[in-house]
Amino acid sequence: MKTFSAMALLLSLSVLLLTGSARAEQPFITLASTTSTQNSGLFGYILPQFTELSGIEVRVVAVGTGQAIRLARNGDADVLLVHHRPSEQRFVAEQHGVDRRDVMYNDFVIVGPTADPAGIQGMDDAAAALKKLAAASTVFVSRGDDSGTHKKERGLWAAAEIDPTIASGGWYRETGSGMGATLNAASAMNGYALADRGTWMSFKNKGALTVMVEGDSRLFNPYGVILVNPVKHPHIKADAGRRFVDWITSAAGQDAIATFRIGGQPLFYPNPR
Amino acid sequence: MTEFSEAFAAAFSLLISLDPDLAEIVLLSLSVSLVAVFIAIVVGMPLGAALAVFNFRGRRLAVVGLSSLMGLPPVVVGLIVYMLLSRSGPLGVLGLLFTPTAMIIAQVILVVPIIAALTRQVVEELWGEYQEQLRSLGATPRQALPTLLWDGRFSLITAMLAGFGRAIAEVGAVMIVGGNIDHATRVMTTAIALEVSKGDLALALGLGIVLILISISVNALGHLIKPSEVKPTYQNRVAVNEGMR
Amino acid sequence: MTTDSILPLELRSVNFEAQGKRLIKDLSCTFEPGLRTIVIGPNGAGKSLFLRLCHGLLQPASGQVVWHGGGQDVTRSQGMVFQRPVMLRRSVHANVEYALSVRGVPRKMRHTIIDEVLQRTGLSRFADYPARQLSFGEQQRLALARVWALKPQILFLDEPTASLDPPATHLVEQIIEAIDAAGTRIVMTTHDLGQARRLADEVMFLHRGRLLEHAPAQQFFDEPKNDQARAFVRGELLWWHRKNPLHKPGSKEEIGS
């Protein structure tokens, strides 16, 4: 009998918890976005402001840009906020999304160990720096996950006219995971990596890593926001989604982005008008 | 190795401050996994018991299949559930993706084989002992099923705990189908993965310590219910001795 | 439940085989109502197999087990008590109730029946005890109470006192007599000749799978016709006569009483 009553208790507890978690919900939208925006803490800072204003909760699914776009294409998100303009433009061109707008930007940096065995610290030509890295065969840790950062990195290698995948598994190491995991790996292997500044600045396990290369115009990192096409996916919450797109590109949203700082430093810059 | 001391400090301060965000994550973890295990018990125990008691063609194949399913890779299960629940998938209209329900579905799929396979083992052993007696009393195999499950209840607690362990510790599947959405589908394991990706290893390990503590508490609770093997009473020992004489 | 008798029970040339070995050989017999039958014989004679064949737990390789009475529900009108009965992991009371519920006895009627059989087997004060914590003697009495509650027309008992001490054996025998007095046909195996003398109306002597003698008790104990039976009654060690070396010498029960 003791067992029976204990099992009954367990069951009622579970049901209680389940109904508790399914409590009356406020309206929400699902935002497919990138790990860089989530991990930096930007969403934690700006989204409550939108929710307070609109009563709409924003649920963020943070994955790589490639996967975020696939989620949106399947209709599993209402709004897309990513950072790879060619992919964004193709997404709209293929009618998966409507009304692409620029939201904000920051830049990418090449980080590496302070010892700097490849001697690239202080360079402002990213492609030339990568050339030096390849020549020195020092460890470079790549996202390798089809994310916005990964796509940017491949573009830079192309500009340097080097195919690093030949050295894949050698000095070129593809983690196939998020920005944070990749930085953890770079930190552990004393390697170089390309990172978005937002994630880099909020990253807490830098170890001996520091910024090596910055300031190249090719390291520009613009973020765009797109509403998933309600014609293609009738179930999406187009009105709420549009309100979010309107807000984040409005003066209020742009202000929120501009005032988000870590250690007094801005991580993202509102889109210039 | 200051990270370890930092981790314990983080775990400690998380626990004593009763951090509301942490409480929410812990409660969601528990509720998702408990409900998943409960459903898996309702489905898996009769299934396992039926495999032990009924004879049918392909029974051995089913037993082998069930045992192999115990090792289902969570990521694959997560992917399959995602493809089913995606708006572009066959069950997309239900709108369950990125909800706790989706996470429960994935965990049920992972836990049912464990509970069913362990139940089959317990019940098969018991059926060997009980079969003649129950048949003599006039019980059909269908009537025997609940009897065997009830009489095997103490051994079956282990099966339940094994299932719960799998559910609460699982990260691959709930990450994909839940999306690790703050205040909606973030559970202990996905929160840990997130902190790792932020490079906050101390906080991640701190959360890990909390998860382990919860796991220990649930197991301790399970073993409280389960009495240690009934010790022979004095009377029994006397009877044994006299029986030998 | 039907009240028509399912007896008499007839076995016609029953053979039973396991792993290619014939363990019951060409056994024919009939059980008429109203007598107490004790089946005796050394270990390995096939006594337990014989009971299980009668009870329907085993199917004969050839031959037939026929119930001649008009009673419809043959399986529900018989019961069996095993040498080591299985106690369900629940209370004494619940063990009896389980048997009643399996047979579909309405809930309202169960309690009177349970109280009565527990009282008649002297287990009333243990009603709420976990059955598995009873002594062997008490467990055997509970097995009897459990099967008695079903009011079987015929009850098979397989060495029910084999591992009990004399006081416990005495109690069990008393209960068996009471069950008999209440109208249930008793068929019981034992290797204890004294017990056979105390309880038998008729005796069946089994040896190496064959029924060697089936006679009224008085006649059997006074002058068994079969020489093996005679040796057994005299307390001789039967394995000396055996050609089959498979049987392990040295088990104490062989000696008989």
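Q: What is the mean pLDDT of chain A?
A: This is a predicted model, where local features need pLDDT of at least 70, side-chain atom pairs count only at pLDDT 80 or more, and totals for chains, interfaces and linings use all residues. Residues are numbered from 1 along each chain as its sequence is written, while chains are lettered from A and ligands numbered from 1 in the order in which they are written. pLDDT is the predictor's confidence in each residue, from 0 to 100. In chain A, 90% of the residues reach 70 or more, and the mean is 89.

Q: Where in chain A is confidence lowest?
A: Helices (H or I, at least four residues) and strands (E, at least two) are DSSP runs, numbered from the N terminus. Strand E3 (residues 79-82) of chain A has the highest confidence, at 96. Where pLDDT is low, the predicted coordinates should not be read in detail. The lowest mean in chain A, 60, belongs to helix H1 (residues 2-21) of chain A.

Q: How many helices are there in chain B?
A: Along the sequence, chain B reads α-α-α-α-α-α-α-α-α-α-α. It has 0 strands, and its helices number 11.

Q: Which helix supplies the largest share of the side of chain B that touches chain C?
A: Two residues are in contact if their C-beta atoms, placed from the backbone, lie within 7 Å; here 19 residues of chain B contact 22 residues of chain C. Helix H5 (100-137), helix H6 (141-151) and helix H11 (234-244) of chain B each give at least two residues to that side of chain B. The largest share, 7 residues, comes from H5(B).

Q: How far apart are the end C-alpha atoms of helix H5 (residues 166-181) of chain C?
A: The expected span of a helix is 1.5 Å times one less than its number of residues. For the 16 residues of H5(C) that gives 22 Å, and the model agrees: the end C-alpha atoms are apart by 22 Å.

Q: Why do the buried residues of H5(C) lie on the same side?
A: A residue is buried if 20 or more other C-beta atoms lie within 10 Å of its own, exposed if 12 or fewer, and partly exposed in between, with C-beta atoms placed from the backbone. The buried ones in H5(C) are Ala168(C), Thr169(C), Val172(C), Ile175(C), Ile176(C) and Ile179(C). They sit on the same side of H5(C) because the arc they cover around the axis, taken from the directions from the helix axis to the C-beta atoms, is only 125°.

Q: Which exposed residues does the face of H5(C) turned away from its buried side carry?
A: The buried residues of H5(C) pack against helix H4 (136-148), strand E6 (154-158), strand E7 (185-190) and helix H6 (193-199) of chain C. The face turned away from that buried side carries Pro166(C), Pro167(C) and Ala181(C).
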